[in-house]
Amino acid sequence: MDETFIRERLTKLRLQKHVSEYKMSLDLRHSKSYIQSITSGRAMPSISEFLYICEYLGVTPKEFFDPNLENPVLLERAATGMKKLDTEDLNLLIHIIERLSEKNKEE
């Protein structure tokens, strides 16, 4: 992994959260161009700032750096919802997931 991965991942997760670079910069209490300076390659966040960015995006550092995890925010929302389901509904959901997974393999 390199700086390019960090810049691209930050952009992807920011877009999934539906927030602009400008708004994210201000929400993190930085200048309006802070996030843009990171995504353009002019700057890199410190470790402490990176942790704030992860918290803002709703991901752990591990999730941030996992290239196989396409949408960690949606997965967390799904996991939170699943915790509220009873056994019957969880089994139904598992069946749906398995069916969709098989269907995607065929395509």
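The dialogue below concerns a predicted model and how some of its features may be read.

Trainee: Where should the reading of the interior begin, and which residues have the most contacts inside the largest nonpolar core?

Mentor: The general idea is that in soluble globular proteins nonpolar side chains tend to be buried together. In this model the largest nonpolar core has 16 residues, and those with the most contacts inside it are Leu10, Met24, Ile35, Ile53, Leu57 and Phe64. Helices H1, H3 (34–39) and H4 (47–57) each supply at least two residues of this core. The greatest contribution is that of H4, with five residues.

Trainee: Which residues does Met24 touch, when those up to four places away in sequence are not counted?

Mentor: Met24 touches Leu10, Arg14, Val19, Ile35, Ile53, Tyr56 and Leu57. Among these partners, Leu10, Ile35, Ile53 and Leu57 also belong to the core residues with the most contacts.

Trainee: Arg14 appears in that list. Is Arg14 buried or exposed?

Mentor: A residue counts as buried when its relative accessible area is under 20%. Arg14 has a relative accessibility of 8%, and therefore counts as buried. Its place is in helix H1, which spans residues 3–16. Beyond its neighbours within four places in sequence, Arg14 is in contact with Val19, Ser20, Glu21, Met24, Ile35 and Leu57.

Trainee: With which residue does the side chain of Arg14 meet in a salt bridge?

Mentor: A salt bridge requires a side-chain nitrogen of Lys or Arg within 4 Å of a carboxyl oxygen of Asp or Glu. The side chain of Arg14 meets that of Glu21, with an N to O distance of 3.9 Å. Arg14 is buried, whereas Glu21 is partly exposed at 22% relative accessibility.

Trainee: How many salt bridges does a search of the whole structure find?

Mentor: The search finds three. One of them joins Lys12 and Glu70, whose closest N and O atoms are 2.4 Å apart. Lys12 lies in helix H1 and Glu70 in the loop between helix H5 (61–65) and H6, so this pair ties together parts that are 58 residues apart in sequence. Lys12 is partly exposed, with a relative accessible area of 31%, and Glu70 is partly exposed at 47%.

Trainee: How does one read the pair formed by Asp27 and Lys23?

Mentor: Here the position along the helix is the guide. The closest N and O atoms of Asp27 and Lys23 are 2.9 Å apart. Because they are four residues apart in helix H2 (residues 21–27), about one helical turn separates them. Asp27 is partly exposed, with a relative accessible area of 33%, and Lys23 is partly exposed at 44%.

Trainee: Which residues does Pro72 touch, again without those up to four places away in sequence?

Mentor: Pro72 touches Arg9, Leu13, Gln16, Val59 and Glu63. It is useful to set sequence separation beside spatial distance. Pro72 and Leu13 are 59 residues apart in sequence, while their C-alpha atoms are 8.4 Å apart in space. Pro72 lies in helix H6 (residues 72–82) and is buried, with a relative accessible area of 1%.

Trainee: Turning to the surface, which residues make the nonpolar patch of about 270 Å²?

Mentor: Nonpolar side chains may also be found on the surface, and this patch is a case in point. Leu92, Ile96 and Leu100 make the patch. Ile96 has its place in helix H7 (residues 87–106), and at 39% relative accessibility it counts as partly exposed.

How values were computed
Residues numbered from 1 in each chain as written. Predicted model: local features only at pLDDT ≥ 70, side-chain atom pairs only at ≥ 80, totals over all residues. Heavy atoms only, no water. Buried < 20%, exposed > 50% of the residue type's maximum accessible area, 1.4 Å probe, protein only. Contact = heavy atoms within 4.5 Å. Core = buried A, V, L, I, M, F, W, Y, C linked by side-chain atoms within 4.5 Å. Patch = residues over 30% accessible without salt bridge, like charges linked within 9 Å, V, L, I, M, F, W, Y side chains within 5 Å. Areas by Shrake-Rupley, 256 points an atom, 1.4 Å probe, with all protein chains shown as cover.
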